[in-house]
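Work through the exercises below with the structure open beside you. Try each task before you read its solution.

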Amino acid sequence: MRPLLLALPFALLPLAAVQVAHAHDHEHEHGSLEAHEHGVARLNAALDGQVLELELQSPAMNLVGFEHAPSTDVDRAKVAAARTQLEHPLALFSLPKAAACVVAKQELESPLFGDTPQADDHDDDHDHDAKDADGHEHHHQHSEIHAHYQFTCANPEALRNLDLGAVFKTFPATQKIQVQLISPSGQQGVEATAQAATLKF
Ligand SMILES: [Zn+2]
């Protein structure tokens with residue numbers, strides 16, 4: 001009896017691992033999360049030696065004002081404009097010149113960019129239209145824009161602060177950024193707003 005009981009947790013392990021992997025796949029293939037709050041973005045910032053990593057995950061609403069695939073020239077121009085801003089992270093994140101950071105890696109990802117298959121299209125047609133608190137039909141396909149950057153900074157000691165002021169100015173529909181900051185002084189969760197946009201590393 002005893003050996004059997006001891007063996008059980010190990011037998012269950014692979015199954016749990018499979019389920020986690022599956023959940024992740026599922027989220028990924030949809031390219032969007034079940035719940036995100038418009039106006040709220042998430043940012044992971046990690047400083048390790050000379051390497052600064054920034055990962056911004058934002059509802060597309062905050063950056064372009066809609067979340068459907070762009071279908072008009074006006075939509076496409078808005079997406080292109082947001083993309084251009086995101087492609088200049090040194091300015092967008094106000095990285096100080098003294099830190100001498102260069103972009104080592106840059107990845108932008110969104111169903112709105114049209115470079116990922118619109119996996120949502122076929123199964124989301126069957127989604128039930130939820131009604132929100134006001135009783136309004138809320139047929140809404142949520143899409144996010146993700147930006148992942150890696151910088152190499154020759155003088156990381158000059159990175160005392162992370163100033164998100166330009167992010168709020170560039171994308172005024174962003175009201176709040178939930179930041180996870182990892183630096184030599186530890187890990188902290190901070191909420192940044194346009195009024196309090198500067199975080200201490
Ligand atoms: Zn949304």
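**Exercise 1.** Determine the handedness of the disulfide between Cys101 and Cys153 from the torsion about its S-S bond.

*Solution.* Begin with the torsion about the S-S bond of Cys101 and Cys153, which is about 105° in this predicted model, so the disulfide is right-handed. Next, place the two partners along the chain: Cys101 lies in strand E3 (residues 101-109) and Cys153 in strand E6 (residues 144-153), so the pair ties together parts that are 52 residues apart in sequence. Then check the bond itself, where the S to S distance between Cys101 and Cys153 is 2.1 Å, which meets the cut-off because a pair of cysteine sulfur atoms within 2.5 Å counts as a disulfide. By this rule the count comes to one disulfide.

**Exercise 2.** Decide whether Cys101 and Cys153 are buried or exposed, using their relative accessible areas.

*Solution.* The cut-off needed here is that a residue counts as buried under 20% relative accessible area. Cys101 has a relative accessible area of 10%, so this residue is buried. Cys153, at 0% relative accessibility, counts as buried as well.

**Exercise 3.** Describe the site of the zinc ion, beginning with the residues that coordinate the metal.

*Solution.* First, list the donors: the zinc ion is coordinated by His36 through NE2, His38 through NE2, Glu67 through OE and His142 through ND1, at 1.8 to 2.1 Å. Second, consider the geometry, in which the angles among the four donor atoms run from 84 to 125°. Four donors count as tetrahedral if all angles lie between 85 and 135 degrees, and because the range for the zinc ion begins at 84°, the site is irregular. Third, read the spacing of the donor residues in sequence, which is H-x1-H-x28-E-x74-H. Within this pattern, His38 lies in the loop between helix H1 (2-30) and strand E1 (40-48), while Glu67 lies in the loop between helix H2 (60-64) and helix H3 (73-86), so the pair ties together parts that are 29 residues apart in sequence. Finally, compare their surroundings: His38 is partly exposed, with a relative accessible area of 31%, whereas Glu67 counts as buried at 2%.

**Exercise 4.** Find out which residues Ser58 is in contact with, leaving aside its neighbours within four places in sequence.

*Solution.* Start by locating Ser58, which lies in strand E2 (residues 51-59). At 1% relative accessibility, Ser58 counts as buried. With the sequence neighbours set aside, Ser58 is in contact with Ala41, Leu63, Glu144, Ile145 and His146.

Notes: Residues are numbered from 1 along each chain as its sequence is written. This is a predicted model: local features need pLDDT of at least 70, side-chain atom pairs count only at pLDDT 80 or more; totals for chains, interfaces and linings use all residues. Side-chain values use heavy atoms; hydrogens and water are left out. Helices (H or I, at least four residues) and strands (E, at least two) are DSSP runs, numbered from the N terminus. Buried means under 20% relative accessible area, exposed over 50%, partly exposed in between (1.4 Å probe, protein chains only). Contact means heavy atoms within 4.5 Å. Donors are N, O and S atoms within 2.8 Å of the metal (3.2 Å for Na, K and Ca); water is not among the atoms, so sites may look incomplete. Four donors count as tetrahedral if all angles lie between 85 and 135 degrees; four count as square planar and six as octahedral if opposite donors are over 155 degrees apart and all others between 65 and 115; anything else is irregular.
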